[in-house]
Each structure stands twice: as C-alpha cells, then as structure tokens.
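Here's a walk through one structure, taken a piece at a time. Keep the view open and turn it as you read.

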Amino acid sequence: MRQIAILGSTGSIGTSALDVIRRHPDRLSAIALTAHRRWEVLVRQAWEFRPRFVALSDPAAARKADPAQLPPGTSFLRGSDALSEIAVHEDVDTVLVAIVGAAGLRSTWAAAEQGKTIAIANKETLVLAGPLIVDLARRHRATLLPVDSEHSAIFQCLSAGRREEVARIILTASGGPFRTWTREELEQATVEQALQHPTWAMGPKITIDSATMMNKALEIVEARWLFDFPPERITVVIHPQSIVHSLVEFQDGAVIAQMSPPDMRLPIQFALFYPDRLPGPARKMNWAVPYCLEFEPADTERFPALRLGYRVAAAGGTAGAVLNAANEVAVERFLRRELGFLDILRLVEAVLDEHKVEYPDALQPLLDADAWARRRARQWHPPARAYSAPPL
Ligand code: NDP
Ligand code: MG
C-alpha cells in the first residue's frame, strides 16, 4: 500500500489524482489531503478517502473551518506550515505537489530534504528554483517524478535509449484557444474566451497560461532543469490535437513519442506507481476511429511567450523566479480585468528587462527576486492606447 499525500487535493490535478486512488483501493491510500480555502470540498473528500490528516493552508479560511465536520480519525492542521509538516511525515511514501504557483516551493523543498518520492505537477516551483531543487533531491536521494503531461511523456520516451544518444527533446503545445487569432483579435480577447481551453480542462491559472503560451515557456524552463538539456536542444511544436504529449529524438533520427487522449490521470498514475504500469481510469485511444495528428513549427513571432521561455532557460539564476512571479501577478490582474490579454506578456517582459540576473546558490536570493518581481508587476501600468472613436 502506498501512502500518498496530495497537496492541493481540491484542484484539477488533485481531483484527478483522487480518481486514480479511487481506482486502486488495494494499492494506494490518501494519507493526507490539503486545500487552500475550499473547506466543504475538503470535508467531502475526507469522508470518502478517510485520510489521517487534512489541512487548510489559508489562515483565515482555517480559522473559520469547523473540524467537528471531519470524520473520526482525521486530524485537522492549519496554515501553510502544515503542508511542509505533511510532506516530511514518516508515513508518507509519495508527496503529490498539486498546488498552483510558487506556494508549492516550501513543501517541495521540505519533501526533497527528507528524501521523499515527489510527484511534481507544480511547474512554477521548478521554474523558480529548478537547479536548487534538483540538486537538493539528488543530495538527499529524493525521487522527482514529473506529472506535467509533456515532462511525463519525455521521461517515458527517454527510456527508449541512453541519455548520451538523445539529440533533442520536443515539447508539444496545443496552441490554446487563440492559436489562429490575429494580434488585433488577441488585443480584445476576454477572460471568458481565454478560460475556454480546446483540449484540456484545468485550473484557471494554467488555462490562462495556455492561452498566452506562457505555459509552454514555463515548461521549457521546467524541462531544462528536470532533464538537464540546454535550451538549444529543446524544441517546441504546435500539435492541436493534444494526443502526442511530447517526443524525444535520438541521434540516429528515430523519434519516440508518447501518445494517449488528453487525460491527466495517465501521467498522475504513472508517477504514483512508477516504475510499474497498471490498468487505470485514463481514457484510451480508440483504434476503431480515424485520428489525424498535425504538427506545425512554433513560431516565436506569433507566440512571443516562447521567446521569454528560451531566454530564461538560457539565463538561469534568478531569471526563472522573476519570470514566474511576474506572470503569476499578471494572470491575477488579467482575471481581475485590470489588464488586457496581451498586457500579460508586456508586463512579464518589462519586469524581466528591468531585472539583472544573479546566480545565487541558496534559496533566499531567489525568494527575494520573486518578491521584487511581484512588487514591480503590481505597479506596472499598461501603455496608453490610442483612442479610436466609435463608428458613427
Ligand atoms: P487548481 O487551481 O485547479 O488547484 C490548485 C490547488 O492548490 C487547489 O487544491 C487549491 O486549493 C490549492 N491552492 C491554491 N493556492 C494555494 C496556496 N497559496 N497554498 C496552498 N494551496 C493552494 O490548479 P491545477 O490543479 O490546474 O494545477 C495545479 C498545478 O499543476 C499547477 O502548478 C499547474 O501548472 C500544474 N499542472 C496542471 C495541469 C492540469 O491539467 N490542471 C496539467 C499540468 C500541470 P483551493 O481549492 O482551496 O483553492
Ligand atoms: Mg503541460
């Protein structure tokens, strides 16, 4: 029986992970579940999965929560320290980090230091502190298993050959809801339109990141640190069907792809059972129907976010912390309708341009760069737009 702690169990990844656990009651058990604010959902999950611990990380929400609503045998922990406490608990075998944003950093760090198996969906943490986390995990013999579908795919494809035989890794991108929009149309894109992803149902932050293609920029950086390939050996291709989750090209020209319908339960299950493969709840290919798979080069003119991803993957140091923090604030501001859609990238680029990259070997300077970038991103104003009179 593997004891799984799900940090962020009420989110999109968290509920998909619970689906995997539901399917394997004899092999997987949810020992701990956490949410930030959604107490009612957490209580419902606690009654079904009977975890030993639940935690609410938002202190205000935690004060209001009534632990008497929990089933017998479930203890209630409060505040963000509770996540790290859970992550290092001796009975936890695997920590699934399904929190959104840089908030996942501390618990991931604690789990790595404790030598845990970490199934990591939380890409922002790897963008913020990738080299330090990977090094920490190596020193403490922790295992970092990617959950992000592209990185899980690459991890699976890499087993087809030896590392020194790899020519490059190829990340696929659906292109999001605005793949064929013009720049003029993008300038007017609304929150509602940006929240409609064509192939994946995900939390709001990553859905906006997919629309701006910042998600792929973050994934370039994530791949750079997780697999230790330089940016010039990481290629992005547009693949609107989201069936091929990524590819590895070997030196002889052979390209290995990992394919399956878009369903996060597959990479989550792969990480929870690694190295074993078992039947599971993820949707399967239907070979009785035709499929058409398209691949288009990803043009950095059309998708300027990719340029930022490559730039930050090449720069390293504090650049990832700044990219991620500026983007988190820009997405929040777009969702609050303070910024237009294209302002998200304008803001991120402006904050990056202002930052002088440093190369610390400790966490604190990265957290300082994160805090600085958030401040700058909150102060940033969109450029004044030329007023065009409405037609008579
Ligand atoms: P959601 O917004 O759906 O869920 C986020 C979860 O984290 C919720 O349980 C939420 O609790 C909790 N949470 C939110 N803020 C905090 C905080 N400050 N501290 C602690 N917990 C917090 O996100 P997703 O599931 O979509 O994404 C999770 C991570 O996985 C992200 O990093 C994303 O990039 C990555 N990912 C997601 C994919 C997907 O298909 N969704 C695919 C690949 C990667 P509450 O419900 O109480 O708000
Ligand atoms: Mg992904």
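**From packed helices to the ligand**

Let's begin with a pair of helices: the axes of H6 and H11 come within 9 Å of each other and cross at roughly 15°. Before going further, bear in mind that this is a predicted model. Two numbers are the usual way to describe such a pair, since packed helices are described by the angle between their axes and the distance between those axes. An angle under 35 degrees counts as roughly parallel, so H6 and H11 are roughly parallel to each other. As for handedness, H6 passes H11 in a left-handed crossing.

Now stay with H11, which covers residues 214–227, and look for H13, residues 304–315. These two helices pack at an angle of about 20°, and their axes lie 7 Å apart. With that angle, H11 and H13 are therefore roughly parallel to each other as well. The crossing of H11 and H13, though, is right-handed, whereas the one between H6 and H11 is left-handed.

Next, slide back to the start of H11. In the loop between H10 and H11 you'll find Met-213. Have a look at its backbone: phi of Met-213 is near 70°, a positive value in a residue that isn't glycine.

H6 and H10 also take us to ligand 1. Which helices each supply at least two residues of the shell around ligand 1? They are H1 (12–23), H6 (123–139) and H10 (204–212). There are 26 residues around the ligand, and Thr-10, Ser-12, Arg-37, Arg-38 and Glu-124 come nearest. Sorted by character, the shell has 12 nonpolar, 9 polar and 5 charged residues.

The backbone gets involved here too. A backbone N or O atom of Ile-13 sits 2.9 Å from an oxygen atom of ligand 1, and for His-36 a backbone N or O atom is likewise 2.9 Å from a ligand oxygen. At Ile-99, a polar backbone atom is 3.4 Å from an oxygen atom of the ligand. How much of ligand 1 does the protein cover? On its own the ligand has 890 Å² of accessible area, and the protein covers 89% of that.

One last backbone detail is worth a stop. Pro-275 is in the loop between helix H12 (265–273) and strand E12 (296–297). The peptide bond leading into Pro-275 from Tyr-274 is cis, with omega near 10°.

Methods:
Residues numbered from 1 in each chain as written. Chains lettered and ligands numbered in written order. Predicted model: local features only at pLDDT ≥ 70, side-chain atom pairs only at ≥ 80, totals over all residues. Heavy atoms only, no water. Near = heavy atom within 4 Å. Polar contact = N/O pair within 3.5 Å; in protein donor to acceptor, adjacent residues only side chain to side chain. Areas by Shrake-Rupley, 256 points an atom, 1.4 Å probe, with all protein chains shown as cover. Helix = DSSP H or I, 4+ residues; strand = E, 2+ residues; numbered from the N terminus. Nonpolar A, V, L, I, M, F, W, Y, C, P; charged D, E, K, R; others polar. Axes fitted to C-alpha atoms, helices over the stretch in contact; angles between N-to-C directions. Parallel < 35°, antiparallel > 145°, perpendicular 65-115°, else oblique. Left-handed = near helix turned anticlockwise from the far one by under 90°.
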